[in-house]
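Me: I am new to this one and would like to understand the words people use for it. Could you walk me through them?

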Amino acid sequence: MKLSALVAAGLFAVVLALPASAAPASPPETFPGAPGVITLSGKCAKLVVAKFDATKGCKNELASVTLANGSVTFIFTSDGKALGFQGDGSGIKPASNGNARLPLSLVTTGVGNKMTGQVKVAGFCTFGNPYAGKPIAIECTAESKDSSFTGSFRTGGKLVKKDK
């Protein structure tokens with residue numbers, strides 16, 4: 001009986017000595033993540049629709065929108081117009097250099113905050129995780145039967161803004 005009391009006392013002392021930080025850490029944030037909107041700041045390096053180069057007016061912010069159904073859209077804006085590269089988030093697979101790849105099914109277009117047009121496409125977006133605290137690139141290319149679409153964005157490595 002004395003041995004079990006001694007073991008119990010020893011375990012109690014060990015538990016008390018554990019630092020509070022020994023609690024399980026929360027999992028690292030993933031990108032694109034849970035439903036909501038994430039805004040990344042950085043530099044729009046390229047935005048081309050067919051033969052029209054919209055890079056000059058491209059805004060230095062990129063939105064990542066994840067819907068409850070798992071759809072993920074990366075939205076580039078230029079001169080008040082929006083171009084979104086959309087795919088099923090469940091299809092995201094690892095790519096080279098720690099990046100991930102989203103297969104695309106649609107390119108959406110719009111003005112301001114309203115996305116009104118859509119074109120069926122084949123293509124992909126390759127991206128890193130902005131929560132890692134270092135600059136990442138998001139590069140999207142897609143083709144429809146009539147056109148091609150390219151968007152390239154590089155973050156500055158700062159934390160992202162989230163909106164639900």
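Reply: Happily; the turns below take up the terms one at a time, and please keep in mind that this is a predicted model.

Me: What makes up the protein chain, and in which order do the elements run from the N terminus on?

Reply: The protein chain has 1 helix and 11 strands. From the N terminus on, the order is α-β-β-β-β-β-β-β-β-β-β-β.

Me: Why is Leu-106 called buried?

Reply: Buried means under 20% relative accessible area. Leu-106 has 14% relative accessibility, so Leu-106 counts as buried. In the protein chain, buried residues make up 35% of the 164 residues.

Me: Where does Leu-106 sit, and which residues is Leu-106 in contact with, leaving aside its neighbours within four places in sequence?

Reply: Leu-106 has its place in strand 7. Leaving aside neighbours within four places in sequence, its contacts are Gly-84, Phe-85, Gln-86, Gln-118, Val-119, Lys-120 and Val-121. Contact here means heavy atoms within 4.5 Å. Gly-87 is 19 residues from Leu-106 in sequence, with 6.6 Å between their C-alpha atoms.

Me: How do you know that strand 1 and strand 3 pair?

Reply: Two strands pair if there are at least two bridges between them. Strand 1 and strand 3 (residues 61–66) have 6 bridges, so they count as a pair, and the sense is antiparallel. Within this pairing, Thr-39 stands opposite Ala-63 in strand 3.

Me: What about strand 1 and strand 10: how many bridges do they have?

Reply: Their antiparallel pairing has 7 bridges, so the requirement of at least two is met. Cys-44 has Phe-153 in strand 10 as its bridge partner.

Me: And what makes strand 1 and strand 2 a pair?

Reply: Strand 2 (residues 52–53) is joined to strand 1 by 2 bridges, and at least two are needed, so these antiparallel strands count as a pair. The bridge partner of Val-49 is Phe-52 in strand 2. The two strands form a hairpin with 2 residues between them, and Ala-50 in the turn has a positive phi of about 55°.

Me: Which residues touch the most other members of the largest nonpolar core?

Reply: That core has 27 residues, and Phe-31, Phe-74, Phe-76, Phe-85 and Ile-138 touch the most other members. Strands that each supply at least two residues of this core include strand 1 (36–49), strand 7 (100–111) and strand 9 (137–143). Leaving aside neighbours within four places in sequence, Ile-138 is in contact with ten residues' worth of company, including Phe-31, Leu-40, Phe-74, Phe-76 and Phe-153.

Technical notes:
Residues numbered from 1 in each chain as written. Predicted model: local features only at pLDDT ≥ 70, side-chain atom pairs only at ≥ 80, totals over all residues. Heavy atoms only, no water. Core = buried A, V, L, I, M, F, W, Y, C linked by side-chain atoms within 4.5 Å. Buried < 20%, exposed > 50% of the residue type's maximum accessible area, 1.4 Å probe, protein only.
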